[in-house]
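Good morning, and thank you for the time. I should like to take you through one structure, beginning with the whole chain and then turning to individual residues.

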Amino acid sequence: MRRRLPFALLAISAIALIATPVAVWAMRPDVNVGTLPPPPPPTTASPAAVLTSSGLAIPDVVVRSARLADYRPAAKAARPVGLAIGSIGVRATVVPVGVAPSETTVEVPTDVDTLGWYRFGPVPGASGSAVVIGHVDSQVQGPGAFFRLHELGPGDGVTVLFADGSRSEFRVVARRSYPKSRLPAGLFARTGRPMLALVTCGGAFDPLTRSYADNVVIYAVPAH
């Protein structure tokens, strides 16, 4: 009996090693859930977006008239400075980001706990799609602010804090996963129904390139 005990323990250990990944995989939420708001009609103000292997690609720059008679002052709105998601324990600082130097991709804050709002698009709550991008994790810094973003689903709440002390509440309506080469055109829409798009990495991880294959996008609309 004593000789059989180690073999029994090995068998139990083997079953545990096999069963644990399967159980974890089974508990993962579906990749795509919820219903997306209808996209605005295609215009020059809502160019296509492309996600390359190096990051979130910038849409084409819209050319506007330089005539004084055509000038319209831009609507002023307080910029977002924070974002909170109670259901997944997120409370992060938001900073404005633009275009990465010498590239055509959106900047991403180097600090994985900080989120970036694409400042050339609308502010959250204004017409169009406001994009907030963040890291899922880092080999050096560990889990990022959006580490659990893939857990969000329809009905979850998102709070955006603004520089003037105000806040806006949003409600998640959908979660989608896209290959990095096929991001939807409406992600950078500057017209249409107000929408908040939260973007991070997801999908399979390539240990050689140390990058993820896909991007997870959470779509939320104003709660009121």
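**The chain as a whole**

The accessible surface of the chain comes to about 13300 Å², and 61% of that area belongs to carbon and sulfur atoms; the areas come from the Shrake-Rupley method with a 1.4 Å probe, and for residues only the protein chains shown count as cover. Please note that this is a predicted model, in which local features need pLDDT of at least 70 and side-chain atom pairs count only at pLDDT 80 or more, while totals for chains, interfaces and linings use all residues. Residues are numbered from 1 along each chain as its sequence is written, and side-chain values use heavy atoms, with hydrogens and water left out.

Confidence comes next. pLDDT is the predictor's confidence in each residue, from 0 to 100. The chain averages 77, and 68% of the residues score at least 70. Over residues 58-66 the pLDDT is below 50, yet this stretch has 17 contacts in the model beyond near neighbours in sequence; contact means heavy atoms within 4.5 Å. Residues 1-28 also stay under 50, and for them the model has one contact beyond four places in sequence.

As to secondary structure, the chain has one helix and 13 strands. Both are DSSP runs numbered from the N terminus, helices being H or I with at least four residues and strands E with at least two. From the N terminus on, the helix is followed by the strands. Of the contacts with a separation of 6 or more, 63% join residues 24 or more positions apart.

**The cores**

Of the 224 residues, 38% count as buried, where buried means under 20% relative accessible area, exposed over 50%, and partly exposed in between, with a 1.4 Å probe and protein chains only. In soluble globular proteins, nonpolar side chains tend to be buried together. A nonpolar core here is a set of buried Ala, Val, Leu, Ile, Met, Phe, Trp, Tyr and Cys residues joined through side-chain atoms within 4.5 Å.

Which residues touch the most other members of the largest core? Among its 24 residues, they are Leu83, Ile85, Leu115, Val132, Val158, Leu196 and Leu198. The elements giving two or more residues to this core include strand E4 (80-85), strand E7 (129-133) and strand E12 (195-206). A second, separate core of 17 residues includes Val97, Tyr178, Leu187 and Phe188.

Leu196 illustrates the reach of one core residue: beyond four places in sequence, its contacts include Pro124, Val158, Phe170 and Ile218.

**The loop between E9 and E10**

Two residues of this loop deserve attention. Leu152 lies between strand E9 (142-143) and strand E10 (157-162). Leu152 has a relative accessible area of 0%, so it counts as buried. Not counting residues up to four places away, Leu152 touches Ile85, Ser87, Ile88, Val172, Arg175 and Ile218.

Asp156 is placed in the loop between E9 and E10 as well. Is Asp156 buried or partly exposed? At 22% relative accessibility, it counts as partly exposed. Its contacts beyond four places in sequence are Ser87, Glu151, Phe170, Arg171 and Val172. The side chain of Asp156 also reaches the backbone nitrogen of Gly153 at 2.9 Å.

**Polar and aromatic contacts**

Asn215 sits in strand E13 (residues 211-222) and is buried, at 4% relative accessibility. A polar atom of its side chain lies 2.8 Å from the backbone oxygen of Thr200. For reference, a polar contact is a pair of N or O atoms within 3.5 Å; within protein, one must be able to donate a hydrogen and the other to accept it, and residues adjacent in sequence count only if both atoms are side-chain atoms.

Rings of Phe, Tyr and Trp (its six-membered ring) pair if their centres lie within 6.5 Å; planes under 30 degrees apart count as stacked, over 60 as edge-to-face and the rest as tilted. By this rule, the count is three aromatic pairs. The rings of Tyr118 and Phe120 have centres 5.7 Å apart and planes at 75°, so this pair is edge-to-face. Tyr118 is buried at 6% relative accessibility, whereas Phe120 is partly exposed at 42%. Ring pairs link Tyr118, Phe120 and Phe188 into a cluster, and Phe188 also belongs to the second core.
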